[in-house]
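Here are some exercises to work through with the model open on your screen. Try each task before you read its solution.

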Amino acid sequence: MIADEKQLQEIDSAVQVMFGSLRERTLTLMQKPFSVDTKTSQNDLVTTVDKANEQFIREQLIKIDPHSRIIGEEESYGHQIAPSLVGHIWIIDPIDGTMNFVRQRNHFAIMLALYIDGQATLGYILDVMNDDMYHCWRHHGAFVNRQQLSAPVELPLSQGLVDINRYLLLSNVHNLQDVARQAAGLRMYGSAGIELIHVFTGQLSAYISRLKPWDLAAGRVFAEELGLDVKTIDGRQLSVLSSNTVLVATKQASQEIGWLLK
Ligand code: 2AM
Ligand code: CA
Ligand code: CA
Ligand code: CA
């Protein structure tokens with residue numbers, strides 16, 4: 001095994017151990033009272049659990065991969081994100097689906113990704129309440145609880161389910177209501193991580209949303225590994241460190257959606 005591979009394998013094992021404690025910590029914190037604040041709007045929430053999880057992940061990553069840089073949703077919020085992609089960059093979403101976490105105590109994820117020189121390399125999505133750990137290493141496969149995922153089956157749009165962000169759908173930007181009409185059905189889970197998992201396991205043919213770097217960082221590793229289309233809605237390449245309106249879909253769904261977009 002070459003040196004870089006060995007180093008990544010050690011990092012990967014340590015991160016998987018960290019996720020075990022992270023799940024236990026999150027479940028414990030959930031049982032106690034926690035406070036909820038708003039950020040940019042009434043629906044944009046952050047809790048003390050989001051902050052505690054991010055802090056814990058940062059502390060562990062400094063030990064696991066000391067020379068890396070770390071970007072986290074809650075600590076980076078309101079700060080300029082360093083533009084350079086050189087070296088190891090970890091991207092943290094400490095609770096994805098904070099609204100679900102607060103209102104439902106379910107349907108939320110913890111996400112983490114490693115980008116090396118801009119390349120999506122390691123991705124982790126923990127569906128906390130189902131205790132399902134999704135893990136992907138570029139060119140080494142995508143897994144759920146160590147069971148390998150295969151590329152989702154290609155279906156015509158008329159037979160597949162799609163998931164479109166509420167604001168994009170209501171405003172009908174890009175003619176997305178037509179996409180919802182042409183598909184077999186519409187689903188909305190309220191957590192980018194949970195929505196992306198459904199695309200990776202073939203339960204959704206497409207997911208379309210306005211996403212920040214930490215919403216997509218982990219999912220992008222899986223999407224690339226599983227041969228899915230992952231691009232901006234107007235077909236441009238995604239930039240790792242900016243917000244984009246993103247389409248993640250099987251090739252066939254992506255092509256048919258492309259014909260409908262305006
Ligand atoms: P979050 O819970 O980590 O903020 C549904 O709201 C999905 O969109 C969630 O994955 C949520 O991630 C993400 N999201 C991104 N920007 C958001 C915003 N400004 N307000 C609410 N959710 C946002
Ligand atoms: Ca948030
Ligand atoms: Ca998120
Ligand atoms: Ca979050």
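**Exercise 1. A pair of strands**

In which sense do β5 and β6 pair, and over how many bridges?

*Solution.* Before we begin, a word on the model: it is predicted, so local features need pLDDT of at least 70 and side-chain atom pairs count only at pLDDT 80 or more, whereas totals for chains, interfaces and linings use all residues. Residues are numbered from 1 along each chain as its sequence is written, while chains are lettered from A and ligands numbered from 1 in the order in which they are written.

Step 1: find the strands, which are DSSP runs (E, at least two residues; helices are H or I, at least four), numbered from the N terminus. Step 2: apply the rule that two strands pair if DSSP finds at least two bridges between them. Step 3: β5 and β6 pair in the antiparallel sense, over eight bridges. On this pairing, Y115 stands opposite A120 in β6.

**Exercise 2. The whole sheet**

Give the strand order of the open sheet and name its edges.

*Solution.* Step 1: seven strands line up as β3-β4-β5-β6-β7-β8-β9, with mixed pairing. Step 2: β3 (69–72) and β9 (147–148) each have a single partner strand, so one side of each is left without a neighbour in the sheet.

**Exercise 3. Parallel partners of β10**

Which strands does β10 (161–164) join by parallel bridges?

*Solution.* Step 1: two bridges link β10 to β11 (185–186), and the two run parallel; here V162 has L186 as its bridge partner. Step 2: three bridges link β10 to β12 (206–211), again running parallel, and D163 stands opposite Y207.

**Exercise 4. Where the domains meet**

Describe how domain 1 and domain 2 touch.

*Solution.* Step 1: the protein is divided into domain 1 (3–148) and domain 2 (157–260), with bounds from an automatic or database domain assignment. Step 2: their C-alpha centres lie 21 Å apart. Step 3: count contacts, meaning residue pairs whose C-beta atoms, placed from the backbone, lie within 7 Å. By this count, 32 residues of domain 1 are in contact with 23 residues of domain 2. Step 4: on the domain 1 side, β6 gives the most, with seven residues. Step 5: that side has 20 nonpolar, seven polar and five charged residues. For these classes, Ala, Val, Leu, Ile, Met, Phe, Trp, Tyr, Cys and Pro count as nonpolar, Asp, Glu, Lys and Arg as charged, and the others, Gly among them, as polar.

**Exercise 5. The shell around ligand 1**

Why does ligand 1 lie between the domains?

*Solution.* Step 1: both domain 1 and domain 2 give residues to the shell around ligand 1, so it lies between them. Step 2: of the 13 residues around ligand 1, D44, D96, T98, S191 and A192 come nearest (a residue is near if its C-beta atom, placed from the backbone, lies within 6 Å). Step 3: β4 (88–96) and α4 (98–103) each supply at least two shell residues. Step 4: by class, the shell has two nonpolar, six polar and five charged residues.

**Exercise 6. D93 and H107**

Is H107 buried or exposed?

*Solution.* Step 1: recall the cut-offs: buried means 20 or more other C-beta atoms within 10 Å, exposed 12 or fewer, and partly exposed in between, with C-beta atoms placed from the backbone. Step 2: H107 has 21 C-beta neighbours inside 10 Å, so H107 counts as buried. Step 3: H107 lies in the loop between α4 and β5. Step 4: turn to D93 in β4, which counts as buried with 32 such neighbours. UniProt lists D93 for "binding site" in an unreviewed entry; such annotations, given in the numbering used here with shortened feature names, may be inferred rather than shown by experiment.

Conventions
Contact = placed C-beta atoms within 7 Å.
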